[in-house]
Amino acid sequence: MRAEHGPVIPVELEPGVNGWLVTDYTTLISWSRDTTTFGHDARLWKDFREGRIDADAAVLPMMAPRANALFVDGAEHQRYRRAITDSLGAVGSDRLTEVTERYANGLIDEFCERGQADVLNEYARMLPLLVINELFGFDRDQGVRFVEAMRNLWLGVDAEKSNAEAERALSEVVTAKHREPGDDVTTRLIQHRAALSDEEVIMQLLLVVAAANEPTANLINAGVREVLADPNVAEGRAPSPTALADIVDRVLWQDPPITNYPVLYPRVDVPLGGGRTIEAGSPILLGFAASNRFFLEENAEQLAESRNRAHVAWGAGPHRCPAREEATTMTIVALRTLLERLPGLRVAVPPQDLRWHLSALSWIPVTLPVQFSPQSPLTPTPVEGTPWTASDSHPETSAHRAPTSGKSPLSSLSNFLVRLMRGS
């Protein structure tokens, strides 16, 4: 496409939804920082504003106007972003690390005796779900319903229904936190000095929790594949913490968790040269993966001589991801714990035999089978709190049973989630 159209490419996002794709590193950063010419406010989207986008378009829930930090600009954006960064920042890196390690070990306990696992669906996809939903104060039912709905939105499946279900689950969380505030991100958003309405709280949660779940799972998955491609790991030498951080940076350059997203809208017509013009109000996808790839190719000599973290996997400009440190911490902890617990870890199939799910926004294997030397579970310890213990109650109620002893406090939940993530 670049050979035919240059670095800014006219694309069809789905039948009847037209836009552009930026695949040039410098252009992507420049346009993301140019808040005079470009905006993230989806109310600028001309075809949507004038009724030319079908109500059931699969991309609509990921592009239609919302009252959250990703979809607005200026003072409105600053108000929402401050509420998000303050509420997330109160978690602290020590707590985030402890919660991530606890759930990582609990998940590994579920498959470590088998000597084989689907590390994508049994680990990478479930770990962010468990961690984020504890930190945000969701109960099991709310968290599972939300993550299932958001995964379908990322994949463009049943978009209108999935969007409604995601918002319904979050509305229940906010109502519950008004009734019983807790030491969690949701309560802090409700109580923040920005004085968000309940609708605004729900919209910030929709943004932050969605961005934390599926993309972080993609990053962990890509990190596992990158680590296991290292011959040193095959010989039993696990990377140091510093080496793991470098590996995650390499993945963010070469295999970012979000391929083409979010969207910019020009406020005025933007000439491209050669007689082409991007009309005001046309959606422009930010092609993180392609922009990184071509920058690496064009600057291979310089980049080979020094470390460089200037990738655009987290975005650029005022809308750069506010939770990038949290996502990186979760990924490094996930990789370190997996390697420490499972000696001889290796991918069970040749890379060319992996099957992939591709969408306009991301790409990820359908499964990631691995093998390792069977290990005994760690001594089980109860998961703190009650949000993720198994429940005998009907899914539509919020009552749940007290924690019980047994092989693992995650057993019932993890088995359920594996079936969910595989679509069985």
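This report walks through the sheets, ring contacts, salt bridges and a surface patch of one predicted model.

Some ground rules. The model is predicted, so local features need pLDDT of at least 70 and side-chain atom pairs count only at pLDDT 80 or more, while totals for chains, interfaces and linings use all residues. Residues are numbered from 1 along each chain as its sequence is written, and side-chain values use heavy atoms, with hydrogens and water left out.

**Sheets**

Helices (H or I, at least four residues) and strands (E, at least two) are DSSP runs, numbered from the N terminus. Two strands pair if DSSP finds at least two bridges between them.

One open sheet has 5 strands in the order β1-β2-β8-β5-β3, and its pairing is mixed. Its edges are β1 and β3 (38-39), each with a single partner strand, so one side of each has no neighbour in the sheet. β1 (residues 8-14) is mostly covered, with 5 of its 7 residues buried; buried here means under 20% relative accessible area, exposed means over 50%, and partly exposed is in between (1.4 Å probe, protein chains only).

β1 runs antiparallel to β2 (residues 17-22), and 6 bridges join them. Within that pairing, V11 has G19 of β2 as its bridge partner. The hairpin has 2 residues between the strands, and G16 takes a positive phi near 90° there. On to the next neighbour: β2 and β8 (residues 284-287) run parallel, joined by 3 bridges, and V22 has L286 of β8 as its bridge partner.

There's also an open sheet of 3 strands, ordered β4-β12-β9 with antiparallel pairing. β4 (116-118) and β9 (346-347) are the edge strands, each pairing on one side only. β9 meets β12 (residues 369-371) over 2 antiparallel bridges, and V347 stands opposite V370 in β12.

**Rings**

Rings of Phe, Tyr and Trp (its six-membered ring) pair if their centres lie within 6.5 Å; planes under 30 degrees apart count as stacked, over 60 as edge-to-face and the rest as tilted. Searching the whole structure turns up 10 aromatic pairs. One of them is the stacked pair of Y25 and W253, at 6.3 Å centre to centre and 15° between the planes. Y25 sits in helix α2 (residues 25-33) and W253 in helix α14 (residues 241-254), so this pair ties together parts that are 228 residues apart in sequence.

W253 has another ring partner: its centre is 5.6 Å from that of F295, with the planes at 15°, so this pair is stacked too. F295 belongs to helix α15 (residues 288-298), so its pair with W253 ties together parts 42 residues apart in sequence. Put together, ring pairs link Y25, W253 and F295 into a cluster. Y25 is buried, W253 is buried at 6% relative accessibility, and F295 is buried at 17%.

F294 has charges for company. A charge sits over a ring if NZ of Lys or CZ of Arg is within 6 Å of the ring centre and within 35 degrees of the ring normal. R2 lies over the face of F294 at 3.6 Å from the ring centre, and the charged end of R293 sits over that ring too, 4.6 Å from its centre.

**Salt bridges**

A salt bridge is a side-chain nitrogen of Lys or Arg within 4 Å of a carboxyl oxygen of Asp or Glu. By this rule there are 25, including these:

| Pair | Closest N to O |
|---|---|
| D41 and R43 | 2.7 Å |
| E165 and R145 | 2.6 Å |
| E172 and R145 | 2.9 Å |

D41 is buried at 13% relative accessibility, whereas R43 is partly exposed at 46%.

Which residues are linked in a network of salt bridges with R145? They are E165, R168 and E172. E165 lies in helix α10 (residues 159-179) and R145 in helix α9, so their pair ties together parts that are 20 residues apart in sequence. E172 is also in α10, so its pair with R145 spans parts 27 residues apart. R145 is buried, with a relative accessible area of 18%, while E172 is partly exposed at 32%.

Also in α9 (residues 140-155) is G143, which is buried at 0% relative accessibility.

**Surface patch**

W356, L358 and W363 make a nonpolar surface patch of about 310 Å². Patches are made of residues with over 30% relative accessible area and no salt bridge: like charges are joined within 9 Å, nonpolar side chains (Val, Leu, Ile, Met, Phe, Trp, Tyr) within 5 Å. Areas come from the Shrake-Rupley method with a 1.4 Å probe; for residues, only the protein chains shown count as cover. L358 lies in strand β10 (residues 356-358) and is exposed, with a relative accessible area of 61%.
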